[in-house]
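Subject: Structure handover

Dear colleague,

Here is the structure I said I would pass on. Please open it alongside this message.

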Amino acid sequence: MTEQRVQRRLAAILAADVVGYSALMERDEEATYAEFERLKQELIGPSLSRHEGRLIKTTGDGALAEFASPLAAVRCAVEIQDRPASDRSRLKLRVGLNLGDVIVGQEGDLYGDGINIAVRLEGIADPGGILISEKVFSEVEGKLDVGFEDRGEQQLKNISKPVRAYAVRSGAHSTLAERLSEAPTLPDKPSIAVLPFENMSGDPEQEYFADGIVEDIITALSRVPSIFVIARNSSFSYKGMSPDIRQVGRELGVRYVLEGSVRKSGARVRITGQLVEAATGAHIWAEKIDGGVEDVFDLQDKVTASVVAAIEPRLLTREMERARQKPTGNLKAYDFFLRALANLHRATREPIEEALRLVERAIALDPDYAMAIALKARLVYRLKVIGVIAPSDPRLEEAAMFAWAAAEKRHDDPDVLWLAGFVIALAGGDFAGGTALIERSLALHPNSADALAAHGLIQAYLGKAESATASLDKAMRLNPVLSAAYLALVGYATLSFVQGDYETALAWVTKSLHENPRWRIALQLRAACLGLLGRIDEAREAMRNFLAANPNETLATMRAYLQTSFQDAASLDAYLEGLRRAGLPAA
């Protein structure tokens, strides 16, 4: 290109891509491709048109667009990221924006650092977030109803000078839920996140084993009271990704990050771990630990002990001893348990029923395996949650019996206790008994995000605002990734509903659906809130979405479903009235 033919212009550049696209493609190539194509056609394309953006090019997992105005570019980015909860896409986007001088090619393509900076900013943006350069910020500050978080100077790859960046806080990221999107502050004690370990076994079927190893390490670390440990669900939001450790530290609010790999070959297991200081990227500890499959619990203990020794050398030995609990002496039962656990949060009938078959095989091998018994109870309740079994199904009463049996077998295991208590309250309708077990669990293990979220939701149903909020707030800090904390979000929504604040309840439940768009409880709660607020068109659309997944539901079946949850008759009546206004048939 000769100097005479070079054309330049100032342009606002938007770069977007899908978070974890490669991992999603590996799991389900056709569905991921189709979903991204739909997202481009139904959301990105129309949004570009509304804001007079020009699509420069698309890649397999992303897009580049040009705008004449930084204001238009930011408005478009906000619209894309704050898409309504009714959009069922599981894909999360990152967006980067820059204002800069660009070279115009013969075919209309754009080149230069103005483009490169937008792409690099997109690469370090939060999942579901927007990151803009200082140039864009200076043009839009005070002109839009959004907030900004100064992320400081960023050294971007292949860009010689640091670029100051700002995260955009808008819509779902502002007002009520703004604090949820802000970077958490560091706790006043050693803090750590354990990322999913890479499965090095050469067999994708062994993924559950690697995940199980990590989950047990997280559990052991979190039972040490002098260490702050991010919950498993938030840590596992990075699964299939290769995140920048500094970004992980900032997003989760921790000082240290543990990463590693698991190799299982025949009867041998190798666990490789490395502990990294998040702020600097410096390696604190690294080790390879080998042993037989029969030694798997000892290998986990070695990793845990090494991490604790590296970040809290003054820790008393007795605290570590209390953190170690061998769940079963039968390794085959443990293997079946891990396979079942991998299916717990699936939203369809087949994987839940397969998990039940697996956990029953674990219990057959070890009838005293309390955690497996508690998991069986939770899986049966899960069938109710996804609408497979009716509230009157006798299996729910049996689930409560399983839960009591598990709690009696391991009255000193906090994970067994909270899981049992949750089922006893919500499946068996015994809120007093269930709450007592969860509170005993929290007395033993006060930093369990799962137990805190369960406690907060149950307290919300009881209308106990102070204790519900305290538990939910702490659960959210331990589980700062919103897609991993949807139970806590629905807890906040439920509390607001019980208090009669339907606007706030709607805001919380809409946020929850943004993170988990297929969750039955949130879908029905959103329809009820809209109905009670008189937003009938939206309520009926929400009800159509709910009935599409639950076609046999009526007001009669819903009353039976909800009467073991709401402990206040007025709240239950209001909920049903909201559903009636939304169009749920009487029978």
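Below are notes on a pocket, a cavity, three helix pairs and one loop residue.

The model is predicted, so local features need pLDDT of at least 70 and side-chain atom pairs count only at pLDDT 80 or more, while totals for chains, interfaces and linings use all residues. Residues are numbered from 1 along each chain as its sequence is written, and side-chain values use heavy atoms, with hydrogens and water left out.

Pocket

The second largest pocket has a volume of about 800 Å³. A pocket here is an open set of points on a 1 Å grid over the protein atoms alone, with protein on both sides within 12 Å along at least five of seven lines; lining residues have an atom within 4 Å of a point. Grid points are joined across faces, edges and corners, and a volume is the space filled by probe spheres set on the points.

The lining of this second largest pocket consists of 34 residues, and R94, R120, E122, G123 and I124 lie nearest its centre. Two or more lining residues come from each of β1 (7–18), α1 (21–27), β3 (62–67), α4 (113–124) and α9 (245–252). Helices (H or I, at least four residues) and strands (E, at least two) are DSSP runs, numbered from the N terminus. Helix α4 gives the largest share of the lining, 5 residues. By class, the lining has 14 nonpolar, 10 polar and 10 charged residues. Ala, Val, Leu, Ile, Met, Phe, Trp, Tyr, Cys and Pro count as nonpolar, Asp, Glu, Lys and Arg as charged, and the others, Gly among them, as polar.

Cavity

There are 4 cavities of 30 Å³ or more in the structure; a cavity is a set of grid points where a 1.4 Å probe fits but cannot get out. The largest cavity has a volume of about 80 Å³. Its lining is Y381, K384, L426, L457, Y461, I521, Q524, Y561, L562 and S565. The elements giving two or more of these residues are α14 (370–385), α18 (449–461), α22 (520–532) and α24 (555–562). The lining of the largest cavity divides into 7 nonpolar, 2 polar and 1 charged.

Helix pairs

Two packed helices are described by the angle between their axes and the distance between the axes. Axes are lines fitted to C-alpha atoms, for helices over the stretch in contact, and angles run from 0 to 180 degrees between N-to-C directions. Contact means heavy atoms within 4.5 Å.

Helix α16 (residues 414–426) packs against α17 at about 160°, with the axes 7 Å apart. The two are therefore roughly antiparallel (under 35 degrees counts as roughly parallel, over 145 as roughly antiparallel, 65 to 115 as roughly perpendicular and the rest as oblique). Their crossing is left-handed, that is, the near helix is turned anticlockwise from the far one by less than a right angle. Residues of α16 in the contact include W418 and F422, and those of α17 include F431 and L437.

Helix α17 (residues 431–444) also packs against α18, at about 150° and with the axes 10 Å apart. This pair is therefore roughly antiparallel too, and α17 passes α18 in a left-handed crossing. Among the contact residues are F431, I438 and L442 of α17 and L452, H455 and Y461 of α18. The contact has 8 nonpolar, 4 polar and 1 charged residues.

Helices α22 and α24 pack at about 120°, with axes 14 Å apart, and are therefore oblique to each other. In this contact, R520, I521 and Q524 of α22 meet M558, Y561 and L562 of α24.

Loop residue

A267 sits in the loop between β12 (256–265) and β13 (268–277). A267 and V293 are 26 residues apart in sequence, but their C-alpha atoms are 5.2 Å apart in space. Leaving out residues up to four places away in sequence, A267 touches G291, G292, V293 and E294.

Regards
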